[in-house]
Amino acid sequence: MSFDSGERVLVIGLGRSGIASCKVLLARGCAVDATDEKPAALAATLEELNAAGVTFVAPEAVESLAGQLTSCVLSPGVPLNGALVRRVQAMRIPVYSEIEVAYRISKAPMVAITGTKGKTTTTALVGKMFARAGKNTRVGGNIGNALITETFAAGPNDWVIAEVSSFQLESIRSFKPRISAILNLSPDHLDRYHSMDEYGEAKFRVFANQGPGDTFVGNLDDPIVGELAEGEFSKRIPARAWWYALAPHRMSTLYVRHERITFAPPMGDPRPVELMPVADIPLLGRHNVSNVLAALAIGLAADLDPEALCAAVREFEPLPHRLQQVAVQNGVTFVDDSKSTNPGSVIAAIEAFTQPIVLIVGGKSKRTDFRAMGRAVEKRVKAVVLIGEAADEIAAAVDSTRAARASSMDEAVAIARGLAQPGDVVLLSPGCASFDMFASAEARGDAFAEAANALAGARG
């Protein structure tokens with residue numbers, strides 16, 4: 001499939017990626033049909049796409065396209081095993097993910113970064129590194145802007161830096177990044193996957209089509225990803241593998257020694273080279289040191305100037321809603337980590353602070369296990385404020401005598417402030433999706449910041 005003139009493509013799902021797919025496919029000369037199971041909420045979008053030349057087909061009428069379609073492009077939010085997709089497959093229409101099409105039309109080499117947590121920060125940092133090293137760089141994917149838009153515009157001398165999710169990787173076929181990376185794996189999206197094994201297999205697809213001329217970057221410290229480093233599991237990786245760790249290891253290409261990031265070149269002069277002190281990293285938490293190691297490994301695998309890479313790290317600014325300080329009131333610091341949507345990211349956030357923490361946690365559960373998070377809360381958190389649908393689940397995993405409940409973000413912030421003392425941190429790190437109370441994680445974080453700043457302003 002070349003996805004150009006003469007082809008007729010059905011796009012399923014009209015979120016951000018689906019809309020971008022429609023526009024790019026039209027620009028390449030395809031005839032484009034689109035469908036979505038919630039058309040009532042998409043009136044303005046459908047009007048815009050219709051004016052551009054996209055034909056909307058109701059989900060119950062997709063069989064009317066049998067014999068006319070050449071392919072189907074799937075938005076990441078649409079499950080591959082859903083009834084609508086199965087009906088399309090029954091028509092013997094090949095189904096591709098948006099990132100698969102993005103890869104096929106790209107003229108530029110690609111970096112693909114995945115993992116349970118830290119993907120967006122690492123992807124943004126890698127984009128800054130490549131730009132700082134003089135490369136024309138386009139960043140897209142799960143980070144916010146559709147990957148297909150970026151690859152459509154990229155030239156052969158550019159680099160495309162992609163954040164890819166397990167959802168996006170499910171329906172790839174020939175997607176083959178020049179450099180791939182898996183940052184970590186912990187329980188997430190178990191409302192979509194039947195098990196951690198199934199979730200992990202979706203992530204492992206990021207390197208499935210790579211070859212000897214490509215590079216895979218992996219985290220030795222992660223118990224699941226690290227299993228790929230040696231023995232039978234290592235045979236699964238068809239590319240050369242670069243490993244990183246927070247301590248020296250005989251397999252690691254990048255590691256921390258004496259609080260300095262160190263590079264052990266896998267080829268040429270094997271003597272370790274100190275790149276930069278950990279203290280220069282402008283991000284909170286040991287998990288972000290690991291993310292920086294991953295980003296540096298990617299840049300070095302692309303043969304970029306180490307000095308430019310380290311300069312990009314020093315210049316990097318924390319992204320919104322990721323351990324972002326939003327207010328200080330009478331010695332109490334309010335930190336927005338609303339992009340924390342799984343228990344593992346809550347643990348990482350808690351471990352980023354030495355100060356006492358009042359934690360605001362909860363939201364829409366993704367069928368994950370909160371017990372490990374509960375143990376971390378018991379050790380490091382002085383009080384908890386529970387919000388959202390998952391409040392009962394989380395209450396069962398933490399000491400309920402230290403847990404309060406709130407029905408709104410304003411109430412949660414007010415309760416947390418009442419429990420905090422000067423020098424404490426009020427941390428919003430929900431560990432859950434936002435859709436029970438908010439339209440997005442961003443909206444949730446904005447509500448927290450507004451409540452914190454209103455409280456700070458009222459109290460002076």
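Student: How many bridges join strand S9 to strand S10?

Tutor: The model is predicted: local features need pLDDT of at least 70, side-chain atom pairs count only at pLDDT 80 or more, and totals for chains, interfaces and linings use all residues. Residues are numbered from 1 along each chain as its sequence is written, and side-chain values use heavy atoms, without hydrogens and water. Helices (H or I, at least four residues) and strands (E, at least two) are DSSP runs numbered from the N terminus, and two strands pair if DSSP finds at least two bridges between them. S9 (residues 179-182) and S10 (residues 215-219) run parallel, and the number of bridges joining them is 4.

Student: Which residue of S10 stands opposite Ile182?

Tutor: S10 covers residues 215-219. Within S10, the residue opposite Ile182 is Gly218.

Student: Which strands stand at the edges of the open sheet of 9 strands?

Tutor: The strand order is S7-S8-S6-S9-S10-S11-S12-S13-S14, with mixed pairing. An edge strand has a single partner strand, so one side of it is left without a neighbour in the sheet. That applies to S7 (137-141) and S14 (273-277).

Student: What is the order of the open sheet that 6 strands form?

Tutor: The pairing in this sheet is mixed. S15 and S16 (residues 332-336), for example, pair in the antiparallel sense over 5 bridges, and Gln329 has Val332 of S16 as its bridge partner. The order is S15-S16-S20-S17-S18-S19.

Student: What angle does the direction of helix H13 make with that of S18?

Tutor: H13 (residues 371-380) packs on the sheet, where it touches S17 (357-362) and S18 (381-387). Angles run from 0 to 180 degrees between N-to-C directions, the axes being lines fitted to C-alpha atoms, for helices over the stretch in contact. For H13 and S18 the angle is about 135°.

Student: Which strands does helix H15 touch?

Tutor: H15 (residues 409-419) also packs on the sheet, and its direction makes about 165° with that of S18. Contact means heavy atoms within 4.5 Å. The strands touched are S15, S16, S17, S18, S19 and S20 (425-428).

Student: Is helix H10 roughly parallel or roughly antiparallel to helix H11?

Tutor: H10 (residues 286-301) and H11 (residues 306-315) pack at an angle of about 150°, with their axes 10 Å apart. Angles under 35 degrees count as roughly parallel, over 145 as roughly antiparallel, 65 to 115 as roughly perpendicular and the rest as oblique. H10 to H11 is therefore roughly antiparallel.

Student: How many nonpolar residues does the contact of H10 with H11 have?

Tutor: Val292, Leu296, Gly299 and Leu300 of H10 meet Pro306, Leu309, Cys310 and Val313 of H11. Ala, Val, Leu, Ile, Met, Phe, Trp, Tyr, Cys and Pro count as nonpolar, Asp, Glu, Lys and Arg as charged, and the others, Gly among them, as polar. With 1 polar and no charged residues in this contact, the nonpolar number is 7.

Student: What is the handedness of the crossing of H5 and H10?

Tutor: H5 (residues 119-132) packs against H10 at an angle of about 40°, with the axes 9 Å apart, which means that H5 is oblique to H10. A crossing is left-handed if the near helix is turned anticlockwise from the far one by less than a right angle, and right-handed if clockwise. The crossing of H5 and H10 is right-handed.

Student: Which residues of H2 make the contact with H1?

Tutor: H1 and H2 pack at an angle of about 5°, with their axes 11 Å apart, and are therefore roughly parallel to each other. H1 contributes Ile19, Cys22, Lys23 and Leu26. From H2 come Thr45, Glu48, Leu49 and Ala52.

Student: What is the distance between the closest N and O atoms in the salt bridge of Glu48 with Lys23?

Tutor: A salt bridge is a side-chain nitrogen of Lys or Arg within 4 Å of a carboxyl oxygen of Asp or Glu, and the whole structure has 21 of them. In the pair formed by Glu48 and Lys23, the closest N and O atoms are separated by 3.0 Å.
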